[in-house]
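Here are a few friendly notes to read alongside the model, with empty space and exposed surface as the topics. Please keep the 3D view open as you go.

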Amino acid sequence: MDKDTKRTLIGVAAVAIMVVAVFVGINVASGVSPPYTVVVSQSMQHSPNNNMHSQLGVIDTGDMVLLRSKGGEDNMGIQSFVDGYKNGYSKFGSYGDVIIYERGSENPIIHRAILWLESNDDGTWSAPSLDGYPSDLWSCNNGGEIITDYNHLQGTLTLNNMGYNQDHSFSIYLGTLNNGPSGGFLTMGDHNIDGGFDQAIGISAGLVSYQRIESVAWVEVPWLGSLKMIFSGEKASLNNFVPNTIPSLAAAVLLFVFVLIGISFLFDYRYYWKYRKEMIEEIRPH
């Protein structure tokens, strides 16, 4: 076997080992199977309808999202928008965690957890996360009576400065929620500024209980999921919602190829100088 063939085989083996190691590492770190999902809707995008495009750091149509386990048997492993606002925790361009939750026979939903609510025995609702949350960012009106006790909410709850630009207000009548003592999250897609909470527009039947949560969004892998969408006949969605995705993916692939070529060049360069040094040593008089 000549040296060039040997080096090529070593390079291929190294890349294969690296790919397997990354795949195993992601599976172990994720704690869920499969450890990824492909986003096919525009509900989490942060670009306006008249100028939609894919952005780094935001969950867009055609992105692949790596997932992680939701944690223990309570909601403490997940931070809501309200929690994140108070402590500065943010993911994918806004406060709080993005969760993947099931809704029966339909595809799971990937939306942001907004606020955890628990029902009380007297028919009111408790929202512990509102403790310390600025009073101008939320309100509760029960037939004209302003409710300021976040442990006994009733009537219509409104949260201000919401949406991907944090310039919208969204309301929900708490009397429509019926989750029993377990409670759950109000949820919403970042881009759903014309609708509002999933529970108000019929996406989710009631609050998203901890049991309904399948996983938590962990890392965005931009554009990669568009390959699956193209092969499954959903290219029209890419063209409508993120027309820059396919060119961006092509540019990323070309960059990767150039990097590999550059690495190969460096190896060749190193080999050339090593060979040249050996030749000089051979012809140098002793």
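The points below go through a pocket, a cavity and a surface patch in turn.

1. A word on the source: this is a predicted model, and the values that follow are computed from it.

2. Let us begin with the second largest pocket, whose volume is about 600 Å³. It is lined by 23 residues, and those closest to its centre are Thr37, Val38, Val40, Asn107 and Pro108.

3. Which elements give two or more residues to that lining? They are strand 1 (36–38), strand 5 (98–103), strand 6 (106–119) and strand 13 (213–221). Strand 6 provides the largest share, with five residues.

4. In terms of character, the lining of the second largest pocket consists of 12 nonpolar, seven polar and four charged residues.

5. Turning to enclosed space, the count gives one cavity of 30 Å³ or more. The largest cavity has a volume of about 40 Å³. If you would like to display its lining, select Phe81, Ser94, Arg112, Ile114, Met162, Gly163, Tyr164, Met188 and Asp190. Five of these residues are nonpolar, two are polar and two are charged.

6. Finally, have a look at the surface. Val253, Leu254, Leu255, Phe256, Val257, Phe258, Val259, Leu260, Ile261 and Ile263 make a nonpolar patch of about 940 Å². One of these residues, Phe256, sits in helix 6, which covers residues 245–283.

Notes
Residues are numbered from 1 along each chain as its sequence is written. This is a predicted model: local features need pLDDT of at least 70, side-chain atom pairs count only at pLDDT 80 or more; totals for chains, interfaces and linings use all residues. Side-chain values use heavy atoms; hydrogens and water are left out. On a 1 Å grid over the protein atoms alone, a cavity is a set of points where a 1.4 Å probe fits but cannot get out, and a pocket is an open set with protein on both sides within 12 Å along at least five of seven lines; lining residues have an atom within 4 Å of a point. Grid points are joined across faces, edges and corners, and a volume is the space filled by probe spheres set on the points. Helices (H or I, at least four residues) and strands (E, at least two) are DSSP runs, numbered from the N terminus. Ala, Val, Leu, Ile, Met, Phe, Trp, Tyr, Cys and Pro count as nonpolar, Asp, Glu, Lys and Arg as charged, and the others, Gly among them, as polar. Patches are made of residues with over 30% relative accessible area and no salt bridge: like charges are joined within 9 Å, nonpolar side chains (Val, Leu, Ile, Met, Phe, Trp, Tyr) within 5 Å. Accessible areas come from the Shrake-Rupley method with a 1.4 Å probe; for residues, only the protein chains shown count as cover. A salt bridge is a side-chain nitrogen of Lys or Arg within 4 Å of a carboxyl oxygen of Asp or Glu.
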